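Good morning, colleagues. I shall speak briefly about the structure now being shown, and take its features in turn.

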Amino acid sequence: MGRASAHPGAALGCLTVADTVDGAALTAWVQEFARLVHEQRDALTELDAAIGDADHGTNLDRGLAAAVSALDTEAPADPAAVLKAVATTLIRTVGGASGPLYGTFFLRASSALGEGDGAALAVAMRAGLEGVAARGKAEPGDKTMLDALGPACDALDEALTANRPLDEALRAAAEGAARGRDATVPMVARKGRASYLGERSAGHQDPGATSATMLMEAAATALAGRG
Amino acid sequence: MPVGLVVVSHSRALADAAVVLARGMLPGRELAVEVAAGDVDGGLGTDATAIAEAVTAADSGDGVVVLMDLGSAVLSAETALELLDDDVRERVVLSPAPLVEGLIGAAVTAAAGAARTQVAAEALRGLAPKQAHLSGGPAVGGG
């Protein structure tokens, strides 16, 4: 399977969301996510030091570096296999709570991913979001990664329903994630170690929502121009 | 074969020591107790794939009760269930019991040949003797 350098939509000169999200595109997404997390590793850990156990940046950086390396070595054949390989690598190598949480995101996204177009990606991301919610028993407003993923998936669905091209829809999703991330600052944490702090967790941006925003920004960057 | 046990902890040392303590209650008795603890580099952390492997190793067909510490250990134990085959998953109980007390209750019951629902129930009751003992003592505040 080659890289998606060209596709029928582009060849016809029309913006469609069809046939654009293949294994290479998903691999590029994960690579970009890994790059952003690596670049912001210390900032993520600093956010986590304020209300968590000061390991989010280093844990996620280690896990994503392993995931990128696994994709290099295994080069999974189909898109769902790419997401599955990322899931199992994160589960194995992250160590902290973000391992099973991001692992479950990619595992459920892998199972739900249908034909590789933009709508299928949106369905997969929604399944990932629901997996994270179920795994963490978290709800919107609990000051978790869900607070970024929820608005992102809502914005993605809304844009695709309005027939906007995939790159615009993913940009809207990233902006939704960023708004959700910013909104975690005044929240009082109700999950994880931060929840022990109660009211004292307010005034700090949630590290999970911050990395989840990077996940959506990576999708917007890596999948741009593919639809 | 008795029900198998799996101990999940962020710390390999903590898990191993808990197992030594529990085995001390089982002189001369066989019991499959597997440990899935620490991250891939031997530091603090949990790994759902290691937990899934430990469950498979501990299962002799009568099922497995999994004891765990907290936080990501709970999330990883739940994630491990997703990695198991359906028939194995049906035989696994994730115990909300406290790790040390629960493990000892579970180990004694499992080594006596109890079914996994009984083993899990005994684990969950693990704090009861300590609570009964200390709450019967002189009042130390609280309500």
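**The largest pocket**

Let me begin with open space: the largest pocket holds about 1,200 Å³. Its lining comprises 44 residues, and those closest to the centre are A:Ala97, A:Gly192, A:Arg193, B:Ser72 and B:Leu75. I should state at once that this is a predicted model.

Which helices each supply at least two residues of that lining? From chain A they are helix H3 (41-51), helix H4 (56-74), H6, helix H7 (118-136) and helix H10 (207-222), and from chain B there is helix H3 (72-83). As to the class of the lining residues, 15 are nonpolar, 15 are polar and 14 are charged.

**The aromatic rings**

I turn now to the aromatic residues. Over all chains, a search of the whole structure yields 3 aromatic pairs. One of them joins A:Trp29 and A:Phe106 in a tilted arrangement, with 5.8 Å from centre to centre and 50 degrees between the planes. This pair links distant parts of the chain, since A:Trp29 belongs to helix H2 (residues 23-39) of chain A and A:Phe106 to helix H6 (residues 98-112) of chain A, 77 residues apart.

Are these two rings buried or exposed? A:Trp29 has a relative accessibility of 2% and therefore counts as buried; A:Phe106 is likewise buried, with a relative accessible area of 1%.

A:Phe106 also pairs with A:Phe105: the ring centres are 5.3 Å apart and the planes stand at 85 degrees, so this pair is edge-to-face. The threshold that matters here is an angle over 60 degrees. A:Phe105 is itself buried, at a relative accessible area of 1%. Taken together, ring pairs link A:Trp29, A:Phe105 and A:Phe106 into a cluster.

**A:Thr89 in helix H5**

My last topic is a single residue. A:Thr89 is placed in helix H5 (residues 79-93) of chain A. Why does A:Thr89 count as buried? Its relative accessibility is 4%, and the cut-off for buried is under 20%.

What does A:Thr89 touch, leaving aside residues up to four places away in sequence? The contacts are A:Gly63, A:Ala66, A:Ala67 and A:Ala70. Within chain A, a polar atom of the A:Thr89 side chain lies 2.7 Å from the backbone oxygen of A:Ala85.

Finally, let me relate this residue to the pocket with which I began. A:Gly192, one of the residues closest to the pocket centre, is 103 residues from A:Thr89 in sequence and 22 Å from A:Thr89 in space, C-alpha to C-alpha.

How values were computed: Residues numbered from 1 in each chain as written. Chains lettered and ligands numbered in written order. Predicted model: local features only at pLDDT ≥ 70, side-chain atom pairs only at ≥ 80, totals over all residues. Heavy atoms only, no water. Helix = DSSP H or I, 4+ residues; strand = E, 2+ residues; numbered from the N terminus. Buried < 20%, exposed > 50% of the residue type's maximum accessible area, 1.4 Å probe, protein only. Contact = heavy atoms within 4.5 Å. Polar contact = N/O pair within 3.5 Å; in protein donor to acceptor, adjacent residues only side chain to side chain. Phe/Tyr/Trp six-rings, centres within 6.5 Å; stacked < 30°, edge-to-face > 60°. 1 Å grid on protein atoms, 1.4 Å probe; cavity = no way out; pocket = protein on both sides within 12 Å on 5 of 7 lines; lining within 4 Å. Points joined across faces, edges and corners; volume = space filled by probe spheres on them. Nonpolar A, V, L, I, M, F, W, Y, C, P; charged D, E, K, R; others polar.
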